[in-house]
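Welcome! Let us take a friendly walk through a protein model, with the picture at hand. Please have a look at it before reading on.

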Amino acid sequence: MPRFNINKRLDAVKPLFALGEYIKNSGIEQSLIELVQMRVSQLNGCAYCLDMHSKDARAGGETEQRLYVLQAWREAPFYSPRERAALAWCEAVTRLDPVHGVPDEVYEQARTEFSEEQLIDLNMAVIAINSWNRIAIPSRAEPGHYRAAQH
């Protein structure tokens with residue numbers, strides 16, 4: 001049973017919906033955004049967001065194999081250099097080292113694949129999904145009911 005129903009305070013999440021629209025229109029490939037949303041949700045243990053974004057990713061053409069192996073993306077041969085840079089970035093930003101922040105090598109890898117503007121947009125995507133995870137987890141949002149292209 002949910003602890004609280006965010007629908008009772010939709011005004012509180014309107015900025016997150018607006019951020020989602022910004023990210024969607026940022027020019028970063030939706031398939032890459034879905035991978036980032038999946039990986040961050042894996043790191044945070046958010047079952048609701050994993051359910052949602054796995055369905056959206058599959059509806060967008062993502063393969064089962066790449067979704068199943070995402071947790072071990074470093075060892076898998078089927079992620080592009082751009083995807084690897086984004087996944088390393090999302091992990092570093094989500095786990096944010098309290099002393100050193102994002103490691104220099106992760107930043108350099110990201111800058112070889114993304115312009116400064118794109119990296120800002122990617123960072124905003126990571127911030128957004130971390131925020132949604134922090135809403136879904138304590139509210140005990142129940143996975144399994146989401147349908148792709150519902151939002």
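## A word to start with

Buried means under 20% relative accessible area, exposed means over 50%, and partly exposed covers what lies in between. Trp132 has a relative accessibility of 23%, so it counts as partly exposed. Keep in mind that this is a predicted model.

## Aromatic rings in pairs

A pair of aromatic rings is described by two things, the distance of the centres and the angle of the planes. How many aromatic pairs does the structure hold? There are three of them. In one, the rings of Phe17 and Trp132 have centres 5.2 Å apart and planes at 55°, so this pair is tilted. The two partners come from distant parts of the chain, 115 residues apart: Phe17 sits in helix H1 (residues 10-24), and Trp132 sits in helix H7 (residues 116-139). Phe17 has 47% relative accessibility, so it is partly exposed.

Another aromatic pair joins Trp89 and Tyr107, with 6.4 Å from centre to centre and 50° between the planes, and it is tilted. This pair, too, links distant parts of the chain. Trp89 belongs to helix H5 (residues 81-95) and Tyr107 to helix H6 (residues 104-113), with their positions 18 residues apart. Is Trp89 buried or exposed? At 8% relative accessibility, Trp89 counts as buried. Its partner Tyr107 has a value of 35% and counts as partly exposed.

## Helix H5 and its two neighbours

Let us look at H5 beside H7. Their axes come within 10 Å and cross at roughly 50°. H5 and H7 are therefore oblique to each other, and their crossing is right-handed. Which residues meet here? From H5 come Arg82, Ala86, Trp89, Cys90, Val93 and Thr94, and from H7 come Gln118, Leu119, Leu122, Asn123, Val126 and Asn130. Sorted by class, this contact of H5 with H7 has seven nonpolar, four polar and one charged residues.

Now turn to H5 and H6. These helices pack at an angle of about 140°, and their axes are 9 Å apart. Angles over 145 degrees would count as roughly antiparallel, and H5 and H6 are therefore oblique. Here H5 passes H6 in a left-handed crossing. On the H5 side we find Pro81, Arg82, Arg84, Ala85, Ala88, Trp89 and Ala92, which meet Val106, Tyr107, Gln109, Ala110 and Glu113 of H6. The contact of H5 with H6 has eight nonpolar, one polar and three charged residues. Trp89 and Tyr107, the tilted aromatic pair, appear among the residues that meet here. Trp89 is also listed in the contact of H5 with H7.

## Where H3 meets H7

H7 has another partner in helix H3 (residues 47-59). The two pack at an angle of about 130°, with axes 8 Å apart. That angle makes H3 oblique to H7. In H3, the residues Tyr48, Cys49 and His53 meet Ile129, Trp132, Asn133 and Ala136 in H7. How many charged residues are in this contact? There are no charged residues, while five are nonpolar and two are polar. You may recognise Trp132, whose ring pairs with that of Phe17.

## Ser41, out of reach

Ser41 lies in helix H2 (residues 30-44). At 0% relative accessibility, Ser41 counts as buried. What surrounds Ser41, apart from neighbours within four places in sequence? Ser41 is in contact with Cys46, Cys49, Leu50, Ile129 and Asn133. Among these, Cys49, Ile129 and Asn133 also take part where H3 meets H7.

## Two more residues to find

Lys24 is in helix H1. With a relative accessible area of 51%, Lys24 is exposed. Lys24 and Ala110 are 86 residues apart along the chain, and their C-alpha atoms are separated by 19 Å. For another distance from H1, take Phe17 and Pro98: they are 81 residues apart in sequence, and 28 Å apart in space from C-alpha to C-alpha.

Arg140 is found in the segment after H7. Most residues other than glycine have a negative phi. Arg140 is not a glycine, yet its phi is positive, at about 60°. Its relative accessibility is 47%, so Arg140 counts as partly exposed.

Methods
Residues are numbered from 1 along each chain as its sequence is written. This is a predicted model: local features need pLDDT of at least 70, side-chain atom pairs count only at pLDDT 80 or more; totals for chains, interfaces and linings use all residues. Side-chain values use heavy atoms; hydrogens and water are left out. Rings of Phe, Tyr and Trp (its six-membered ring) pair if their centres lie within 6.5 Å; planes under 30 degrees apart count as stacked, over 60 as edge-to-face and the rest as tilted. Helices (H or I, at least four residues) and strands (E, at least two) are DSSP runs, numbered from the N terminus. Buried means under 20% relative accessible area, exposed over 50%, partly exposed in between (1.4 Å probe, protein chains only). Axes are lines fitted to C-alpha atoms, for helices over the stretch in contact, and angles run from 0 to 180 degrees between N-to-C directions. Angles under 35 degrees count as roughly parallel, over 145 as roughly antiparallel, 65 to 115 as roughly perpendicular and the rest as oblique. A crossing is left-handed if the near helix is turned anticlockwise from the far one by less than a right angle, and right-handed if clockwise. Contact means heavy atoms within 4.5 Å. Ala, Val, Leu, Ile, Met, Phe, Trp, Tyr, Cys and Pro count as nonpolar, Asp, Glu, Lys and Arg as charged, and the others, Gly among them, as polar.
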